[in-house]
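Got the viewer open? Here is a tour, one selection at a time.

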Amino acid sequence: MEGGVSVHADGNVTCGLDDPYSRRTFGNVNRQTVSEVWANPEYERMQSRLWDGWRCAECNLSQAVDASEDGPMPARALLPTTLVAEATIRCNLRCPQIACVPNNHRDVRTRDSDFLNLDTFRRTIDEIGSGLTHVFFFNYGDPFVNVEADAMLTHLGQVAPQAWGLTSTNGIPLSKMERARTVVASGALDRMIFTIGGATQESYERYHVGGRLDLALKGMANVVQAKRELGVDKPTVVWRYLTFNWNDGDEEIAEAVRLSEEIGVDEFRFHLTHVPLEGVSWRFSRGGPNFRRYRRHIDNAFGFTHFTVEPDEDGFYQREELEFGTARWTGWQARRRLPVRDGRATIEVSTTRPGAEGRDHVFVLTPWAKVKVALRPGRWSKVELAVADPTLRMLEVELVTFDHWFPAEECGTDDRRCLGVLVREQDETVHRRIPWPRLRHPALDGGDEARLAGFRYQPPEPLIDW
């Protein structure tokens, strides 16, 4: 962490966030001043090696120096300008998060002390507070499990009011209004993240083991109310909704959004995660409609993209060899350019979804027509599109299916893709010889028209994975 230090609960000072067992320690603020720790030659040597492209062992947060930054490493500040303060290593919940489990295990010691001492925190802030630009009041554990966290923030707000402050909590420790009011009144925090994964107690406690949803929501609501009572704009209150395959249903998502609006949080954010791996939410993959529908609420996807398969910019997955031909799956939406011959363009569609016969359909859209096509498992359905413009040589069509499905959900496979429709990869010489059967396509009903109203294909947007 450039220009920063991370102070663990036992006072040990390390260089960043990703050091759960405190193996990169450069000193201890219980016994030394920050200046003494900062002057440790090993600290400067490590920063120099990082600048040259070296990576710390077991650190997943290391980032390469920007190629545009040429030349020698910038001069180090006299004192750190960024502080990560780990108020405690402990948490009141028992989430199945591999980085957190050891910290709450009675037989495992990841720190020499579970709680950061208030006097130590005050001395640290008194020494470096005037030069601080950023303070992250969390690391492992929930900071507000430390009963002295409120006093720490009050002191921070008094000594370093210019520093931008961020904290993260599960909300339960702030379910008492008096405590929430003290935290807001400190003025030390610009942003508070409440990690709450679920809108029902049943789904919430599957990850937040030992927690109560009502208390978590109350803690978040208390901070919002305290801001109103004190007439202040900060901290920005963020509900970080962890998405899993047990809390990503339409009804629960809608309830979570409703609750966020009722409470009055400043930001509602989905956090896509791969931990635990068996809980990955495939419904929020970039091939699914929920990604498009809730894109404005998705902030990041820690590790998520490594465990999901996403379609290309046209909405198609890779080619596959099937028993009945070569094809590519689409996501719930896709687009394709078709050659126009003799005033017509054709496309073949199918599916392998179990039980799709007579149930699943795909909509083929052109600038002047909408065609609803029934999908027949293991058989191709041909769509012929009349083209009135004699000068048109290529026709771009859009494919939409509201009957998209997830093999991982319906068949218990490892395939987490959102699948829409199979589109045949047609050999042009064969294409002209085969006599196609003519199919009758059903007319669109009012519901179809409503869902398709204003639809336009949108390529998947970039997604930060950190």
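Which residues does Gly 219 touch, not counting residues up to four places away in sequence? Before you click, keep in mind that this is a predicted model. Now select Gly 219 and show its surroundings: Gly 171, Leu 174, Ser 175 and Phe 194 are the residues it touches, once those up to four places away in sequence are set aside. Gly 219 itself sits in helix 7, which covers residues 213-230. Is Gly 219 buried or exposed? With a relative accessible area of 0%, Gly 219 is buried, since the cut-off for that label is under 20%.

Keep Gly 219 selected and add Arg 179. Along the chain these two are 40 residues apart, yet 9.4 Å separates their C-alpha atoms.

Arg 179 is a handy stepping stone to the next stop, the pair formed by helix 4 and helix 5. Select residues 177-185 for helix 5, and note that its axis and that of helix 4 come within 8 Å and cross at roughly 20°. That angle makes helix 4 roughly parallel to helix 5, because angles under 35 degrees count as such. The crossing of these two helices is left-handed. To see what touches what, show side chains for Ala 149, Asp 150, Leu 153 and Thr 154 on helix 4, then for Arg 179, Thr 182 and Val 183 on helix 5. Colour this contact by class and you should get 3 nonpolar, 2 polar and 2 charged residues.

Stay on helix 4 (residues 149-159) and bring in helix 3 (residues 118-128). At what angle do helix 3 and helix 4 pack? The answer is about 15°, with the axes 10 Å apart. Helix 3 and helix 4 are therefore roughly parallel to each other. Here the crossing is right-handed. From helix 3, pick Leu 118, Phe 121, Arg 122, Ile 125 and Asp 126; they meet Ala 151, Met 152, His 155, Leu 156 and Val 159 of helix 4. By class, the residues of this contact divide into 7 nonpolar, 1 polar and 2 charged.

Time for some strands. Select strand 3, residues 82-85, and look at where its side chains go. In a regular strand, side chains alternate between the two faces of the sheet. In strand 3, Thr 82 and Val 84 point one way, Leu 83 and Ala 85 point the other way, and all of them are buried. Next, add strand 1 (residues 4-7), which pairs with strand 3 in the parallel sense over 4 bridges. One spot to zoom in on is Ser 6, whose bridge partner in strand 3 is Val 84. Then add strand 4 (residues 134-136), which runs parallel to strand 3 and is joined to it by 3 bridges. There, look for Thr 82 opposite His 134 of strand 4.

For the last stop, jump to another sheet. Which order do the strands take in the open sheet of 5 strands? Reading across, you get 10-11-18-13-16, with antiparallel pairing. Strand 10 (316-322) and strand 16 (381-386) are the edge strands, each pairing on one side only. Ignoring direction, neighbouring strands of this sheet are turned by 35° against each other on average. Finish by selecting strand 11 (residues 325-330) and strand 18 (residues 422-424), which share 3 bridges in the antiparallel sense. Zoom in on Arg 328, which stands opposite Val 423 in strand 18.

Conventions
Residues are numbered from 1 along each chain as its sequence is written. This is a predicted model: local features need pLDDT of at least 70, side-chain atom pairs count only at pLDDT 80 or more; totals for chains, interfaces and linings use all residues. Side-chain values use heavy atoms; hydrogens and water are left out. Axes are lines fitted to C-alpha atoms, for helices over the stretch in contact, and angles run from 0 to 180 degrees between N-to-C directions. Angles under 35 degrees count as roughly parallel, over 145 as roughly antiparallel, 65 to 115 as roughly perpendicular and the rest as oblique. A crossing is left-handed if the near helix is turned anticlockwise from the far one by less than a right angle, and right-handed if clockwise. Contact means heavy atoms within 4.5 Å. Ala, Val, Leu, Ile, Met, Phe, Trp, Tyr, Cys and Pro count as nonpolar, Asp, Glu, Lys and Arg as charged, and the others, Gly among them, as polar. Buried means under 20% relative accessible area, exposed over 50%, partly exposed in between (1.4 Å probe, protein chains only). Two strands pair if DSSP finds at least two bridges between them.
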